[in-house]
Amino acid sequence: MFSCYTLETLAQSALLDPPARLSVLGDPVAHSLSPQMHNPALAACGLEASYVRIAVKNADFTRALHDLRHLGFIGTNVTIPHKCTALDSVDAVDPAARRLGAVNTISFLPDGRTLGRNSDGPGFVRAVQQEFGADIRDLRILLLGAGGGAGGAVAVQSALEGCRHLTLTNRTQSKADEVAHSLRDLLPTQRCLTLPWTPQALADVLPNIDLIVNATSLGMDPTDPALLPDGLLTPSHLVYDMVYKPLTTHLVAAARTAGARAINGLPMLLWQGVQSFEWWFDRPAPVQAMRDGLTAAIASSSSS
Ligand SMILES: NC(=O)c1ccc[n+]([C@@H]2O[C@H](COP(=O)([O-])OP(=O)(O)OC[C@H]3O[C@@H](n4cnc5c(N)ncnc54)[C@H](OP(=O)(O)O)[C@@H]3O)[C@@H](O)[C@H]2O)c1
């Protein structure tokens, strides 16, 4: 009916067949690919529910949660700019989301309470497991962009999982230092270092890295500078670029040319969606239906 609801039109989402029972709240939110991933999953499981986008101003966030509960929603995702507001608006927060300071998945519990969690970190870990067949605990990770929102989620989850080693770097180094400091209780200092973002520092560290993660926004624009100096990638590297538009960034192309295994940001988007679905329904998600929905949505958004 609507590609995007507001709180004023939300009641009409009950007229959908099946009725809306899940959503993503954001501002802006019209670009979100989550409906194209979750609606095929709901259909594949025979669940009588639709997933919709709802544009909500930050000042209306608490009212939005109230309205969704009133309308019988099962849960909602939360995106920019509400992830921190969501943390303060729910009744209970899981420890990883609390540490991250951001909630992106809310469940409306049968007892009337709201529970906030964050699927970004678990989505990253599952993507690495599923796409590379690798366990985070065995990996020495270099994280580019550790000071951003996505980078923070990767850093916290890698530390929570007990990765072998974590090297954090960020254009504004003080932010990487802050993240490293916040992880002191999870990883001893000899397993968590920060690095100045210079060609020499990268050249020195890369021979001792298994997984390189790009959590910066560099790569979205074809004119962006290269993230790593030429000639440093080798076939032993795993490269995880969180950017998914374009699907093949300079970093992914350079990694493949060097014989390294590389993936783009689609798997993280997929596996964080899988995680949200499994939290809401307490059952395995139909991953292939979600992957197909997402791939089709990306293909149609790239051609439009
Ligand atoms: N695949 C997924 O599911 C998924 C999920 C979330 C995000 N992402 C992607 O991850 C990227 C970051 O998103 P975010 O939400 O974390 O954004 P954010 O909070 O705004 O962080 C941006 C990061 O990029 C760095 N950066 C920006 N411009 C740079 C430049 N010219 N040179 C070096 N570093 C630069 C920033 O460094 P400073 O701190 O110095 O500014 C910061 O570390 C985006 O491409 C986003 O699309 C993907």
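Start by selecting Gly219, which you'll find in the loop between β10 (211–214) and β11. Keep in mind as you click around that this is a predicted model. Is Gly219 buried or exposed? Gly219 counts as buried, because it has 24 C-beta neighbours inside 10 Å. Now show what it touches, skipping neighbours within four places in sequence: Asn214, Asp224, Asp241, Val243, Thr249, His250 and Leu251 are in contact with Gly219. For a sense of scale, draw a distance from Gly219 to Pro110: the C-alpha atoms are 43 Å apart, and the two residues are 109 apart in sequence.

**The two domains**

Next, colour the chain by its domain assignment, which gives domain 1 (10–118) and domain 2 (121–266). The contact between them takes five residues from domain 1 and six residues from domain 2. On the domain 1 side, the residues touching domain 2 are three nonpolar, one polar and one charged. If you mark the C-alpha centres of domain 1 and domain 2, you'll find them 29 Å apart.

**Helix α5**

Select residues 120–132, which make up helix α5. At 1.5 Å a residue, its 13 residues should span 18 Å, and the end C-alpha atoms are 18 Å apart, so the two agree. Now pick out the buried residues of α5: Asp120, Gly121, Pro122, Gly123, Phe124, Val125, Arg126, Ala127 and Val128. What covers them? The cover includes α4 (95–100), α6, β11 (238–241) and α10. Step just past the end of α5 and you reach Gly133, with a positive phi of about 65 degrees.

**Helix α6**

Move on to α6, residues 149–161. This helix also has 13 residues, and from first C-alpha to last it reaches 18 Å, close to the 18 Å expected at 1.5 Å a residue. How many of its 13 residues are buried? Ten are, so to speak of α6 as mostly covered is fair. To see them, select Ala150, Gly151, Gly152, Ala153, Val154, Ala155, Val156, Gln157, Ser158 and Ala159. Just after α6 sits Gly162, which takes a positive phi of about 80 degrees.

Stay in α6 and zoom in on Ala155. Ala155 counts as buried because it has 31 C-beta neighbours inside 10 Å. Which residues is Ala155 in contact with, leaving aside neighbours within four places in sequence? They are Leu143, Ala146, Leu166, Leu168, Val179 and Leu183. Try a distance to one of these, Leu166: it lies eleven residues from Ala155 along the chain, with 7.8 Å between the C-alpha atoms.

**Helix α7**

One of the contacts of Ala155 was Val179, so select helix α7 (residues 173–182). Here Ala176, Val179 and Ala180 are buried. They cover an arc of only 100 degrees around the axis, which puts them on the same side of α7. Turn to the face pointing away from that buried side and you'll meet the exposed residues Ser174 and His181. The buried residues of α7 pack against α6, β8 (165–169) and β9 (192–194).

**Around the ligand**

Now show the ligand and the 22 residues that surround it. Which are the closest? Gly148, Ala150, Arg171, Thr172 and Gly265. Helices α6 and α10 (266–281) each supply at least two residues of this shell. Colour the shell by class and you get nine nonpolar, eleven polar and two charged residues.

**Some backbone oddities**

Most residues other than glycine have a negative phi, and most peptide bonds are trans. The last stops go against that pattern.

- Select Asp27 and Pro28: the peptide bond from one to the other is cis, with omega near 5 degrees. Pro28 is in the loop between β1 (20–26) and α1 (34–44).
- Jump to Ile80 and Pro81: the bond between them is cis, with omega near 5 degrees. Look for Pro81 in the loop between β3 (75–78) and α3 (83–89).
- Finish at Asp282, in the loop between α10 and α11 (287–303). Asp282 is not a glycine, although it has a positive phi of about 55 degrees. Asp282 is exposed, because it has 8 other C-beta atoms within 10 Å.

How values were computed. Residues are numbered from 1 along each chain as its sequence is written. This is a predicted model: local features need pLDDT of at least 70, side-chain atom pairs count only at pLDDT 80 or more; totals for chains, interfaces and linings use all residues. A residue is near a molecule or strand if its C-beta atom, placed from the backbone, lies within 6 Å of it. Helices (H or I, at least four residues) and strands (E, at least two) are DSSP runs, numbered from the N terminus. Ala, Val, Leu, Ile, Met, Phe, Trp, Tyr, Cys and Pro count as nonpolar, Asp, Glu, Lys and Arg as charged, and the others, Gly among them, as polar. A residue is buried if 20 or more other C-beta atoms lie within 10 Å of its own, exposed if 12 or fewer, and partly exposed in between; C-beta atoms are placed from the backbone. The arc is that of the directions from the helix axis to the C-beta atoms. Two residues are in contact if their C-beta atoms, placed from the backbone, lie within 7 Å. Domain bounds come from an automatic or database domain assignment. The expected span of a helix is 1.5 Å times one less than its number of residues.
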